[in-house]
Amino acid sequence: MLEDLTAAAASPTAWPAAYPQGYAVVDVETTGLARDDRIISAAVYRLDARGEVEDHWYTVVNPERDPGPVWIHGLTSEMLEGAPLFADIAAEFAARLEGRVLVAHNAVFDWQMIAREYARARGEAPVRQRLCTIALSKELRLPLPNHKLESLAAHFGVVQRRAHHALDDARVLAEAFRPSLLAAAAGGVRLPLHECRPLTEWSDRPRIGQQASYGGRAPSSWRPSRKRPACPYPNPGRYEPGKRLKQGMRVAFSGDTSVERDLLEDRATEAGLHVATSLSRLTSLLVTNDPDSGTSKTVKARQFGTPVVDEAAFGQLLADVEPASET
């Protein structure tokens with residue numbers, strides 16, 4: 001079936017005119033997942049409009065701090081000591097991204113990390129749209145056991161040689177993205193493109209009450225802590241899978257997220273949702289990337305039958321929230 005779709009997409013008349021003209025398949029390895037973590041390596045595969053590889057680029061980056069989980073990415077402090085700083089490679093990185101859609105596996109994470117590094121360097125990444133291959137695989141209804149890169153690679157017969165090495169992960173993703181793109185084009189699937197907004201709230205000042213870390217350095221802050229305004233809309237009830245979110249729905253979050261929790265909560269609040277700090281029978285939806293965990297919220301969600309979606313799905317739902325009913 002996939003062969004038939006890709007063959008159909010190869011026809012010049014079959015290609016959707018609205019599709020982007022080029023892509024930058026990106027992978028970054030980092031010191032961790034938090035807002036103050038840093039990029040330690042980055043890779044970009046540039047693809048043309050139909051997913052053919054044009055070139056690739058890779059660099060390690062000195063994070064100016066502990067490299068974090070060496071057992072995952074394999075980059076030690078000694079290996080990174082003489083590497084360029086992000087500010088040193090920012091221009092080259094930007095040239096690789098310019099005019100292209102950023103493609104990544106769990107793209108919101110890679111984008112946020114890249115955007116923060118540019119904010120630190122007092123710059124801006126030239127990216128206006130991103131495409132998450134997890135979201136694309138869902139749009140294509142690929143029969144994957146989970147949303148790991150290795151599962152996507154195995155589905156398309158792509159051999160992964162060095163997992164968690166930025167260059168190899170980017171290669172694997174580029175090779176898996178091309179047949180996904182061809183299948184989407186052949187099926188007339190609308191690509192799940194999302195807007196990339198550069199971060200402008202970077203500050204070197206720590207938040208009030210924060211402790212210094214990393215050898216005495218005060219951690220940097222992305223935005224000040226503040227009390228959220230009350231949701232002005234009544235709770236319309238639970239979210240129904242397959243339908244839209246509606247303003248006033250109570251949304252709770254649990255576990256680690258790729259996007260910082262306060263940013264996710266900000267987006268939910270701006271969309272007219274009520275961000276709940278706990279989970280009750282009135283909660284409309286729980287957002288978690290690990291629904292089988294034993295956190296109090298996931299346990300209560302199972303007890304109450306509260307609908308659960310992951311972060312990627314929630315991001316898509318946020319793009320089309322139904323207005324509150326007029327009273």
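In the predicted model, four strands assemble into an open sheet with the order β8-β7-β9-β10, and their pairing is parallel. The edge positions are occupied by β8 (274–276) and β10 (308–309); each has a single partner strand, so one side of each lacks a neighbour in the sheet. The pairing of β10 with strand β9 (residues 285–288) is in the parallel sense and rests on two bridges. Within these strands, Leu-286 lies opposite Val-308 of β10. Helix α9 (residues 261–270) packs on the sheet through contacts with β7 (250–254) and β8. The direction of α9 makes about 170° with that of β7.

Nonpolar side chains tend to be buried together in soluble globular proteins. The largest nonpolar core of the model comprises 33 residues. Tyr-19, Tyr-23, Val-25, Phe-177 and Leu-191 have the most contacts inside this core. At least two core residues are supplied by each of β1 (22–30), β2 (39–48), β4 (101–104), α7 (149–155) and α8 (166–186). Helix α8 provides the largest share, with twelve residues.

The surroundings of Val-25 were examined in further detail. When residues up to four places away in sequence are not counted, Val-25 touches Ala-43, Val-44, Tyr-45, Leu-47, Val-103, Ala-170, Leu-173, Ala-174 and Phe-177. Of these partners, Phe-177 is itself listed with Val-25 among the residues with the most contacts inside the largest core. A second core, separate from the one containing Val-25, has 31 residues, including Val-26, Phe-86, Phe-109 and Val-127.

Conventions: Residues are numbered from 1 along each chain as its sequence is written. This is a predicted model: local features need pLDDT of at least 70, side-chain atom pairs count only at pLDDT 80 or more; totals for chains, interfaces and linings use all residues. Side-chain values use heavy atoms; hydrogens and water are left out. A nonpolar core is a set of buried Ala, Val, Leu, Ile, Met, Phe, Trp, Tyr and Cys residues joined through side-chain atoms within 4.5 Å. Buried means under 20% relative accessible area, exposed over 50%, partly exposed in between (1.4 Å probe, protein chains only). Contact means heavy atoms within 4.5 Å. Two strands pair if DSSP finds at least two bridges between them. Axes are lines fitted to C-alpha atoms, for helices over the stretch in contact, and angles run from 0 to 180 degrees between N-to-C directions.
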